[in-house]
Amino acid sequence: MEDDWIKRGGSAYTGKIYLPGYHPSMSKDMFSAKSTSTEILSMGIQRMLESPVKFQREDPEFFNFIKKQLS
């Protein structure tokens, strides 16, 4: 399933989930339990540092999430 990272000025890499031992038959609950990390925070901080005004205009919800994490 595609997400909106690119449509909102970001990169599809932002939605990357690190999941050791993934198998296609894995249930949604198991998938959630085994997820170890994502790129959401690091990519959001990068966008914030590169161009905060552009970031805020393109994806205000993500911008506000990152701003709150850094407060």
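**Figure 1. Asp59 is a buried acidic residue, with a relative accessibility of 3%.** The model shown here and in the other views is predicted. Asp59 lies in the loop between α3 and α4. Setting aside neighbours within four places in sequence, the contacts of Asp59 are Arg8 and Arg47. With Arg8, the side chain of Asp59 forms a salt bridge, at 3.5 Å from N to O. This pair joins distant parts of the chain, since Asp59 is in the loop between α3 (52-58) and α4 whereas Arg8 is in the segment before β1, 51 residues apart. Arg8 has a relative accessible area of 31% and is partly exposed.

**Figure 2. Arg47 and Glu58 form a salt bridge between two helices.** The closest N and O atoms of Arg47 and Glu58 are 3.1 Å apart. Arg47 belongs to helix α2 (residues 40-50) and Glu58 to helix α3, so the salt bridge ties together parts that are eleven residues apart in sequence. Arg47 counts as buried because its relative accessibility is 11%, under the 20% limit. Glu58, at 31%, is partly exposed.

**Figure 3. Asp4, Lys7, Arg8 and Asp59 are joined into one network by salt bridges that share partners.** The structure holds four salt bridges. One of them pairs Asp4 with Lys7, with 3.5 Å between the closest N and O atoms. Asp4 is partly exposed at a relative accessible area of 33%, whereas Lys7 is exposed at 70%. Another is the bridge between Asp59 and Arg8, in which Asp59 is buried and Arg8 is partly exposed. Side chains of opposite charge can pair when their charged atoms come close.

**Figure 4. The largest nonpolar core consists of six residues: Trp5, Met48, Phe55, Phe62, Phe63 and Ile66.** Helix α4 (residues 60-70) is the main contributor to this core, giving three residues. Met48 is in contact with Phe55, Phe63, Ile66 and Lys67, leaving aside its neighbours within four places in sequence. Among these contacts, Phe55, Phe63 and Ile66 are members of the core along with Met48. In soluble globular proteins, nonpolar side chains tend to be buried together.

**Figure 5. Trp5 and Phe62 pair edge-to-face.** The count of aromatic pairs in the structure comes to three. In the pair formed by Trp5 and Phe62, the ring centres are 5.0 Å apart and the planes meet at 65°. The pair links distant parts of the chain: Trp5 is in the segment before β1 (17-18) and Phe62 is in helix α4, 57 residues apart. Trp5 counts as buried because its relative accessible area is 17%, under the 20% limit. Phe62 is also buried, at 6%.

**Figure 6. Phe55 and Phe63 form an edge-to-face aromatic pair.** Their ring centres are 5.5 Å apart, with 75° between the planes. Phe55 is buried at 1% relative accessibility, and Phe63 is buried at 10%. Ring pairs link Phe55 and Phe63 with Trp5 and Phe62 into a cluster. These four aromatic residues are also listed in the largest nonpolar core. A pair of aromatic rings is described by the distance of the centres and the angle of the planes.

**Figure 7. The charged end of Lys16 sits over the ring of Tyr18.** The distance from the charged end of Lys16 to the centre of the Tyr18 ring is 4.8 Å. Among the elements of the protein chain, β1 has the lowest mean pLDDT, 80, and α3 has the highest, 96. Strand β1 comprises residues 17-18. The protein chain as a whole averages a pLDDT of 87, and 97% of the residues score at least 70. Where pLDDT is low, the predicted coordinates should not be read in detail.

**Figure 8. Ser11 is placed in the segment before β1.** Ser11 is partly exposed, with 27% relative accessible area. Apart from neighbours within four places in sequence, Ser11 is in contact with Trp5, Ile6 and Met43. Of these contacts, Trp5 is a member of the largest nonpolar core. Ser11 and Ser71 are separated by 60 residues in sequence and by 24 Å in space, C-alpha to C-alpha.

Terms used. Residues are numbered from 1 along each chain as its sequence is written. Side-chain values use heavy atoms; hydrogens and water are left out. A nonpolar core is a set of buried Ala, Val, Leu, Ile, Met, Phe, Trp, Tyr and Cys residues joined through side-chain atoms within 4.5 Å. Buried means under 20% relative accessible area, exposed over 50%, partly exposed in between (1.4 Å probe, protein chains only). Helices (H or I, at least four residues) and strands (E, at least two) are DSSP runs, numbered from the N terminus. Contact means heavy atoms within 4.5 Å. Rings of Phe, Tyr and Trp (its six-membered ring) pair if their centres lie within 6.5 Å; planes under 30 degrees apart count as stacked, over 60 as edge-to-face and the rest as tilted. A charge sits over a ring if NZ of Lys or CZ of Arg is within 6 Å of the ring centre and within 35 degrees of the ring normal. pLDDT is the predictor's confidence in each residue, from 0 to 100.
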